[in-house]
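Let's take a walk through this protein together. Keep the sequence beside you and the viewer open as you read.

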Amino acid sequence: MILQDVNKQSESFAMKTSYYGLSLSKLFRRSMMIVLFLGLVSSQAFALSYTGSLSVNNDTLVVTDNNPGINNNSNYSPPWQGAVFSWEVTENTENNDGTWNYSYTWNSGGTPALSHIIIEVSEGFSIENDMFYADPNDPVAHGNNPNYTFTSSGVKWDVGEETTEFTFSFNSDRAPMWGDMLAVGGQVIATNSNNGTDPANVYALGENIVGWALVPDTKTSKVPEPATMLLLGSGLIMLGIVGRKQLHRNP
């Protein structure tokens, strides 16, 4: 009788061990699925992206006409009164290389055609080392030019054709900050309304800063994002909950 009881206990223990082994295997698979899911979400869904624009209509873009004799022309109509300069700056998370994509669009809203456009970059920025995949043509370095009321160092794009709308983009390992821009068409010049000054915090990217455009800084990326850290913590908590439920379900 004692031998039979021992055999039954051994069989029961073996069955429970096998059952718990299966449960642990399921738990492991679920854990891997959760980790994979969180990795995909954190790398794609939480990419930082900033959009904005300057325009004559909201007084954040200032147009100056230097054509001679305009004051004596009774039929004079100010140019570029519908001009808009817009941008979209997005963190490149697919390659996870710490770079940003900068995309800009200029629309004159009328004549004259755009000749060239300049965006400010801070000291230490290098076209050769800090810009990649420039489109549609390669930019050139642009030094201080007081004649254009643009005293900052910048990067210049020559349009090369008669057009009132121009889009250009590039990738950079430099994180965005608030800075200046300048567009030129003949004797007509357009700049951001706060040209030549800096906001209280040039890195306040999520705030409603007006009168400046987003441009690449000398700072590089990348620090862990709060969203990524939050997802990691959530994933660990979720794994703990799943494991605890599994153990309570199979006492």
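The paragraphs below go from the overall fold to a few individual residues.

Please bear in mind from the start that this is a predicted model. The protein has 251 residues, and 38% of them are buried. Its secondary structure consists of three helices and 13 strands. To get a feel for how the chain folds back on itself, consider the contacts between residues at least 6 apart in sequence: 77% of these join residues at least 24 apart. On the outside, the protein exposes about 14800 Å², and carbon and sulfur atoms supply 54% of that area.

Now let's turn to the loops, where the backbone has some details to look at. In the loop between strand S4 (100-107) and strand S5 (116-120) you will find Pro 112. The peptide bond that joins Thr 111 to Pro 112 is cis, with omega at about 0 degrees.

Two other loop residues have a positive phi although neither is a glycine: Asp 59, at about 65 degrees, and Trp 80, at about 60 degrees. Asp 59 sits in the loop between strand S1 (49-55) and strand S2 (61-65), while Trp 80 belongs to the loop between S2 and strand S3 (84-91). Are these two residues buried or exposed? Asp 59 has a relative accessible area of 61%, over the 50% cut-off, so it counts as exposed. Trp 80 has a relative accessibility of 1%, and because buried means under 20%, Trp 80 counts as buried.

Trp 80 also leads us to the aromatic residues. Searching the whole structure turns up eleven aromatic pairs. In one of them, the rings of Trp 80 and Trp 106 have their centres 5.1 Å apart and their planes at 65 degrees, so this pair is edge-to-face. Because Trp 80 lies in the loop between S2 and S3 and Trp 106 in strand S4, the pair ties together parts that are 26 residues apart in sequence. Both Trp 80 and Trp 106 are buried.

Another pair, Tyr 102 with Phe 170, is stacked, with 5.2 Å from centre to centre and 10 degrees between the planes. Here the partners come from strand S4, which holds Tyr 102, and strand S9 (residues 165-172), which holds Phe 170, so the pair ties together parts that are 68 residues apart in sequence. Tyr 102 counts as buried at 0% relative accessibility, and Phe 170 counts as buried at 1%.

If you highlight the aromatic side chains, look for the cluster that includes this stacked pair. Tyr 102 and Phe 170 belong to one aromatic cluster with Phe 85, Trp 87, Tyr 104, Trp 157, Phe 166, Phe 168 and Trp 178.

Our last stop is Ile 117, in strand S5. Ile 117 counts as buried, with a relative accessibility of 0%. Which residues does Ile 117 touch, not counting residues up to four places away in sequence? They are Phe 85, Trp 106, Val 155, Lys 156, Trp 157, Phe 166, Phe 168, Met 181, Leu 182 and Ala 183. For Lys 156, you can also check the backbone: the C-alpha atoms of Ile 117 and Lys 156 are separated by 5.7 Å, although the two residues are 39 apart along the chain. Among the residues that Ile 117 touches is Trp 106, the edge-to-face partner of Trp 80.

Note on methods. Residues numbered from 1 in each chain as written. Predicted model: local features only at pLDDT ≥ 70, side-chain atom pairs only at ≥ 80, totals over all residues. Heavy atoms only, no water. Helix = DSSP H or I, 4+ residues; strand = E, 2+ residues; numbered from the N terminus. Buried < 20%, exposed > 50% of the residue type's maximum accessible area, 1.4 Å probe, protein only. Contact = heavy atoms within 4.5 Å. Areas by Shrake-Rupley, 256 points an atom, 1.4 Å probe, with all protein chains shown as cover. Phe/Tyr/Trp six-rings, centres within 6.5 Å; stacked < 30°, edge-to-face > 60°.
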